[in-house]
Amino acid sequence: MRNDRQNLIVDLTFQFALNIIAFAEKLKEAKKYEMASQVFRSGTSIGANTKEAQNAESKADFIHKFKIAAKEADEVYYWLELCRSSEHFPDPDEQIFKDLNSIILIITKIIASSKAR
(Lines give C-alpha, C1' and ligand atoms only; values in the text may rest on other atoms or scores of the structure.)
Protein backbone atom coordinates (compact mmCIF):
# COMPACT_ATOMS: atom_id res chain seq x y z
CA MET A 1 0.00 0.00 0.00
CA ARG A 2 1.27 3.46 -0.90
CA ASN A 3 2.26 5.89 1.81
CA ASP A 4 1.94 9.35 0.25
CA ARG A 5 2.24 11.49 3.36
CA GLN A 6 5.03 14.05 3.47
CA ASN A 7 8.39 12.52 4.30
CA LEU A 8 11.57 14.49 5.12
CA ILE A 9 14.10 12.17 3.47
CA VAL A 10 11.97 11.72 0.34
CA ASP A 11 11.60 15.50 0.06
CA LEU A 12 15.32 16.14 0.69
CA THR A 13 16.46 13.56 -1.83
CA PHE A 14 14.00 14.85 -4.44
CA GLN A 15 15.33 18.40 -4.08
CA PHE A 16 18.89 17.05 -4.13
CA ALA A 17 18.12 15.22 -7.39
CA LEU A 18 16.91 18.48 -8.93
CA ASN A 19 20.18 20.16 -7.90
CA ILE A 20 22.17 17.24 -9.29
CA ILE A 21 20.32 17.51 -12.60
CA ALA A 22 21.30 21.19 -12.76
CA PHE A 23 24.94 20.37 -12.03
CA ALA A 24 24.92 17.56 -14.61
CA GLU A 25 23.71 20.12 -17.15
CA LYS A 26 26.70 22.34 -16.28
CA LEU A 27 28.95 19.36 -16.90
CA LYS A 28 27.29 18.76 -20.27
CA GLU A 29 27.73 22.42 -21.21
CA ALA A 30 31.45 21.95 -20.46
CA LYS A 31 31.38 18.84 -22.69
CA LYS A 32 32.12 16.54 -19.74
CA TYR A 33 29.53 14.00 -20.81
CA GLU A 34 30.89 10.92 -19.02
CA MET A 35 31.08 12.73 -15.69
CA ALA A 36 27.64 14.26 -16.26
CA SER A 37 26.24 10.78 -16.74
CA GLN A 38 27.91 9.39 -13.60
CA VAL A 39 26.79 12.32 -11.44
CA PHE A 40 23.27 12.22 -12.86
CA ARG A 41 22.77 8.48 -12.37
CA SER A 42 24.16 8.17 -8.85
CA GLY A 43 22.76 11.51 -7.64
CA THR A 44 19.19 10.85 -8.76
CA SER A 45 19.28 7.21 -7.66
CA ILE A 46 19.42 8.24 -3.99
CA GLY A 47 15.93 9.70 -4.17
CA ALA A 48 14.59 6.89 -6.33
CA ASN A 49 15.65 4.32 -3.74
CA THR A 50 14.33 6.29 -0.76
CA LYS A 51 11.00 6.66 -2.57
CA GLU A 52 10.98 2.97 -3.40
CA ALA A 53 11.67 2.13 0.26
CA GLN A 54 8.40 3.80 1.21
CA ASN A 55 6.60 0.88 -0.43
CA ALA A 56 8.90 -1.86 0.84
CA GLU A 57 7.46 -5.32 1.19
CA SER A 58 9.20 -5.98 4.50
CA LYS A 59 11.55 -4.42 7.04
CA ALA A 60 14.46 -6.19 5.36
CA ASP A 61 13.42 -4.78 1.98
CA PHE A 62 13.10 -1.29 3.53
CA ILE A 63 16.62 -1.51 4.97
CA HIS A 64 17.98 -2.90 1.70
CA LYS A 65 16.58 0.03 -0.31
CA PHE A 66 18.16 2.51 2.11
CA LYS A 67 21.48 0.66 1.93
CA ILE A 68 21.39 1.08 -1.84
CA ALA A 69 20.60 4.78 -1.37
CA ALA A 70 23.60 5.04 1.00
CA LYS A 71 25.88 3.42 -1.59
CA GLU A 72 24.65 5.82 -4.27
CA ALA A 73 25.23 8.75 -1.92
CA ASP A 74 28.81 7.61 -1.38
CA GLU A 75 29.27 7.22 -5.12
CA VAL A 76 27.97 10.68 -6.02
CA TYR A 77 30.10 12.14 -3.24
CA TYR A 78 33.13 10.59 -4.95
CA TRP A 79 32.22 12.03 -8.36
CA LEU A 80 31.54 15.47 -6.88
CA GLU A 81 34.87 15.38 -5.02
CA LEU A 82 36.63 14.57 -8.30
CA CYS A 83 34.94 17.56 -9.92
CA ARG A 84 35.88 19.81 -7.02
CA SER A 85 39.48 18.61 -6.98
CA SER A 86 40.14 18.65 -10.72
CA GLU A 87 40.86 21.80 -12.67
CA HIS A 88 39.23 20.15 -15.69
CA PHE A 89 35.67 20.05 -14.34
CA PRO A 90 33.18 22.66 -13.15
CA ASP A 91 33.14 23.07 -9.38
CA PRO A 92 29.94 21.91 -7.64
CA ASP A 93 28.29 24.39 -5.29
CA GLU A 94 29.20 23.93 -1.64
CA GLN A 95 25.47 23.61 -0.88
CA ILE A 96 25.39 20.33 -2.81
CA PHE A 97 27.97 18.90 -0.39
CA LYS A 98 26.08 20.23 2.64
CA ASP A 99 22.84 18.72 1.40
CA LEU A 100 24.52 15.43 0.58
CA ASN A 101 26.13 15.24 4.02
CA SER A 102 22.71 15.82 5.64
CA ILE A 103 21.17 13.12 3.48
CA ILE A 104 23.93 10.66 4.36
CA LEU A 105 23.45 11.32 8.08
CA ILE A 106 19.69 10.83 7.85
CA ILE A 107 19.97 7.66 5.78
CA THR A 108 22.55 6.25 8.20
CA LYS A 109 20.21 6.98 11.12
CA ILE A 110 17.23 5.41 9.33
CA ILE A 111 19.20 2.23 8.65
CA ALA A 112 20.50 2.01 12.24
CA SER A 113 17.12 2.67 13.85
CA SER A 114 15.36 0.23 11.49
CA LYS A 115 17.85 -2.52 12.37
CA ALA A 116 17.35 -1.85 16.10
CA ARG A 117 13.58 -2.48 15.95
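**Notebook: helices, patch and salt bridges**

**Entry 1. The nonpolar patch**

I began with the surface and noted that helix H1 (residues 8–29) supplies the largest share of the nonpolar patch, 3 residues. The model is predicted, with local features requiring pLDDT of at least 70 and side-chain atom pairs pLDDT 80 or more, while totals for chains, interfaces and linings use all residues. Residues are numbered from 1 along each chain as its sequence is written, and side-chain values use heavy atoms, without hydrogens or water.

Helices here are DSSP runs (H or I, at least four residues; strands are E, at least two), numbered from the N terminus. I then listed the members of the patch: Phe14, Leu18, Ile21 and Phe40, which together make about 360 Å² of nonpolar surface. (Patch residues have over 30% relative accessible area and no salt bridge; nonpolar side chains, namely Val, Leu, Ile, Met, Phe, Trp and Tyr, are joined within 5 Å, like charges within 9 Å.) (Areas are Shrake-Rupley values with a 1.4 Å probe, and for residues only the protein chains shown count as cover.)

Of these residues I followed up Phe14, which is found in helix H1. Is Phe14 buried or exposed? I recorded it as exposed, because its relative accessibility is 56%. (Buried is under 20% relative accessible area, exposed over 50%, partly exposed in between.)

**Entry 2. Salt bridges**

How many salt bridges does a search of the whole structure find? I noted 5 for the whole structure. (A salt bridge is a side-chain nitrogen of Lys or Arg within 4 Å of a carboxyl oxygen of Asp or Glu.) Side chains of opposite charge can pair when their charged atoms come close.

In helix H1 I found Lys28 and Glu25, placed 3 residues apart, about one turn of the helix. Their side chains form a salt bridge, with 3.4 Å between the closest N and O atoms. I entered Lys28 as partly exposed, because its relative accessibility is 38%. Glu25 is likewise listed as partly exposed, with a relative accessible area of 37%.

I turned next to helix H3, where Asp61 and Lys65 are 4 residues apart and so separated by about one helical turn. The closest N and O atoms of this salt bridge are 3.3 Å apart. I recorded Asp61 as buried because its relative accessibility is 19%, and Lys65 as buried because its relative accessible area is 14%. Which residues form a network of salt bridges with Asp61 and Lys65? I found that Glu52 is linked with Asp61 and Lys65 in such a network.

A further bridge joins the side chains of Glu94 and Arg84, at 3.1 Å from N to O. This pair links distant parts of the chain, 10 residues apart, with Glu94 in helix H4 and Arg84 in helix H3. I noted a relative accessible area of 44% for Glu94, which means that it is partly exposed. Arg84, at 30%, is also entered as partly exposed.

**Entry 3. Helix packing**

I looked up how helix H3 (residues 59–85) meets helix H4 (residues 94–116): their axes come within 10 Å and cross at roughly 155°. The two helices are therefore roughly antiparallel, and their crossing is left-handed. (Axes are lines fitted to C-alpha atoms, for helices over the stretch in contact, with angles from 0 to 180 degrees between N-to-C directions.) (Under 35 degrees is roughly parallel, over 145 roughly antiparallel, 65 to 115 roughly perpendicular, the rest oblique.)

For H1 and H3 I recorded an angle of about 30° and axes 13 Å apart. These helices are therefore roughly parallel, and their crossing is left-handed. (Left-handed means that the near helix is turned anticlockwise from the far one by less than a right angle; clockwise is right-handed.)

**Entry 4. Single residues**

Val76 lies in helix H3, and I listed it as buried because its relative accessibility is 0%. The C-alpha atoms of Val76 and Ser45 are 9.5 Å apart, with their positions 31 residues apart along the chain.

Thr108 has its place in helix H4, and I noted it as partly exposed at a relative accessible area of 46%. Its C-alpha atom is separated by 30 Å from that of Lys26, 82 residues away along the chain.

Lastly I examined Lys31, in the loop between H1 and helix H2 (33–53). Lys31 has a positive phi of about 65°, although it is not a glycine. Most residues other than glycine have a negative phi. I recorded Lys31 as exposed because its relative accessibility is 59%.

Conventions. Buried means under 20% relative accessible area, exposed over 50%, partly exposed in between (1.4 Å probe, protein chains only).
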